[in-house]
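I opened this entry to look up a few things in one model. My list was short: cysteines, a sheet and a pocket.

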Amino acid sequence: MYTLAEKIWSTSVSGLTVIGGKGGFRFEALKENVSGLHTFADCSFYEYTECAIGNNSKDHPYLKVSRCVFFGAASTSTVGIAWGGYVDGLAIENCAFLLNAYHLKIGPRLSGSISITRNDFIAFAHSHKRADIWIVPNNTDKHGVNAGVGFVISENKFGNENMDATDSRILVAEEEVLPGRDRLSSRPVEASSTGFLSNLEVCRNRIEGISGLAAPFIRVFIERIWRLNFYHNVISGGRHTFLAEFQAPRSSAGSNSVATWTVDLSSSAPDGLPPFSMDVTNRYIGLLHDQFGLLGGSTWNQSSNPVGIDADLSLLLDAPEEGRYLVDGGNKLPVTNKLGNQGQAVQIAVIRDNPSASVSLRLDPPSRFQPAWLDADIKRAEKRSVSAINLEVRNDLGDVALKRVVRLPPSWQPIRLPFVFPTDTGSWKLIIRPVSARLGTEDQFCLGRIRVYNAKQPVKWEHVGTMGSGAWDGEHLILGRTHIWISSDGSIRYKSSKPLSDGDGRLISSV
């Protein structure tokens with residue numbers, strides 16, 4: 001093994017074959033190593049017992065590995081590449097990872113702009129591989145900073161050669177800290193931790209499974225994976241149980257307004273089956289948008305159901321009247337709402353500079369980890385209107401369930417925002433603030449018919465009606481088996497089955 005103990009400005013290695021030993025190249029310096037490119041191309045590493053290429057630096061960007069082969073010793077727990085410390089610009093492409101316990105170990109101190117592209121991840125022996133890619137989450141920066149933004153895993157083959165039923169493809173876990181161990185030799189800590197992973201993108205991969213597969217695609221030992229994107233992957237040969245399975249209970253910190261995932265189910269489904277044998281995840285992330293009904297029985301699924309009436313609806317806030325709006329730093333004036341009802345909407349006029357001016361509405365106790373909805377009508381004021389408002393659902397303990405900035409239209413327009421309550425503790429309220437208000441010029445906005453509720457599906461609050469003719473042989477109202485229509489003389493008639501003529505059925509009222 002080539003051990004590089006000091007800062008190396010740049011590295012260029014090509015056409016080299018290394019057989020045996022602990023590995024190929026160890027960048028041992030702990031300090032920053034921000035300089036030139038470190039490139040490895042057309043190299044082969046065989047029978048190493050620890051790690052082929054690895055570093056220990058706390059800041060070491062610009063590793064480029066291409067067209068290399070990694071085949072560790074079968075009797076040991078090897079790592080193909082172990083690279084961490086603000087790894088910006090890391091690119092591993094067109095490589096063959098043939099035998100390792102962990103083909104890739106990325107992190108800690110992920111930073112971002114990571115590309116894992118067009119590689120083969122397979123196993124030349126049973127009961128040896130633990131995961132194709134081990135991601136060590138960021139735990140050094142607060143609030144998910146430097147936690148993997150721009151981390152793309154794309155166009156790879158996750159093969160099923162010598163696959164075991166318990167094999168996951170991606171592991172997200174901290175690394176152990178033990179005497180005599182470093183980044184190249186440490187092992188995962190399979191216990192819940194407080195690390196972050198943000199904006200991981202898994203796309204256009206070929207994912208081969210086996211019959212009876214009993215493991216998730218991603219095995220997770222942290223609570224916070226934010227903005228995961230999974231799309232345009234091809235799954236065949238067998239399905240993982242979950243896209244991501246969390247290994248420990250989630251606290252309120254693990255579910256909030258930035259934990260949204262985008263999961264494309266339709267392009268990943270094998271032969272019309274759900275892409276995962278159990279569900280997308282075993283922990284509530286948010287609302288599952290499943291437009292093709294591939295996970296119709298999922299606990300989290302709602303959007304394949306139409307807007308309508310939900311028997312499990314729990315109304316947490318119903319504020320049609322202006323009296324429910326508590327205004328701090330402003331005045332309120334009752335106005336006509338979208339349906340033409342006077343006094344069931346308000347115009348807010350700010351009298352203090354931001355951010356102190358706000359409108360707050362108290363909520364009843366919610367259900368945590370269940371679908372929730374904020375429905376409202378919004379519009380610009382006729383004069384001196386602000387252009388946008390900030391909507392926030394939070395409690396007095398500091399937990400945030402929803403945070404959105406919404407632009408205001410010139411006329412009444414309904415909005416519907418799905419979200420999840422991370423906890424049912426504390427006192428919850430909806431807080432609405434103008435964005436960039438300027439007293440005397442842009443300081444007014446309008447709100448109406450605000451409702452917050454827990455329900456499996458969104459609920460319709462509009463008039464029941466049709467824009468059709470309303471005639472017996474046209475579009476008309478149907479309640480159960482009862483048809484209600486307007487006859488040619490303007491009277492209203494009904495019948496408990498389909499009407500056969502204009503005068504069929506019975507009269508409800510005449511003109």
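My notes follow, topic by topic.

**Cysteines.** I worked from a predicted model. How many disulfides does a search of the whole structure find? I got zero. I then checked Cys95, which is in no disulfide. The nearest cysteine sulfur belongs to Cys68 and is 4.8 Å away. The cut-off for a disulfide is 2.5 Å between cysteine sulfur atoms, so Cys95 and Cys68 do not count as one.

Next I asked whether Cys95 is buried or exposed. Its relative accessible area is 4%, so Cys95 is buried. I looked up Cys51 as well. Cys51 has 0% relative accessibility and therefore counts as buried. The limit I applied is under 20%.

**Sheet.** I traced an open sheet of five strands with antiparallel pairing. I wrote down the order as 33-36-41-38-39. Which strands sit at the edges? They are strand 33 (326-328) and strand 39 (400-407), and each pairs on one side only. On average, neighbouring strands here are turned by 20 degrees against each other, direction ignored.

I then followed one pairing inside the sheet. Strand 38 (residues 388-395) runs antiparallel to strand 41 (residues 428-434), and seven bridges join the two. For Val393, I found Leu430 of strand 41 as the bridge partner.

**Pocket.** I turned to the second largest pocket, with a volume of about 230 Å³. I noted 16 lining residues. Which of them lie nearest the centre? Those are Pro108, Glu175, Glu176, Val177 and Arg183. I also sorted the lining by class: seven charged, five nonpolar and four polar residues.

Terms used
Residues numbered from 1 in each chain as written. Predicted model: local features only at pLDDT ≥ 70, side-chain atom pairs only at ≥ 80, totals over all residues. Heavy atoms only, no water. 1 Å grid on protein atoms, 1.4 Å probe; cavity = no way out; pocket = protein on both sides within 12 Å on 5 of 7 lines; lining within 4 Å. Points joined across faces, edges and corners; volume = space filled by probe spheres on them. Nonpolar A, V, L, I, M, F, W, Y, C, P; charged D, E, K, R; others polar. Buried < 20%, exposed > 50% of the residue type's maximum accessible area, 1.4 Å probe, protein only. Pairing = 2+ DSSP bridges. Helix = DSSP H or I, 4+ residues; strand = E, 2+ residues; numbered from the N terminus. Axes fitted to C-alpha atoms, helices over the stretch in contact; angles between N-to-C directions.
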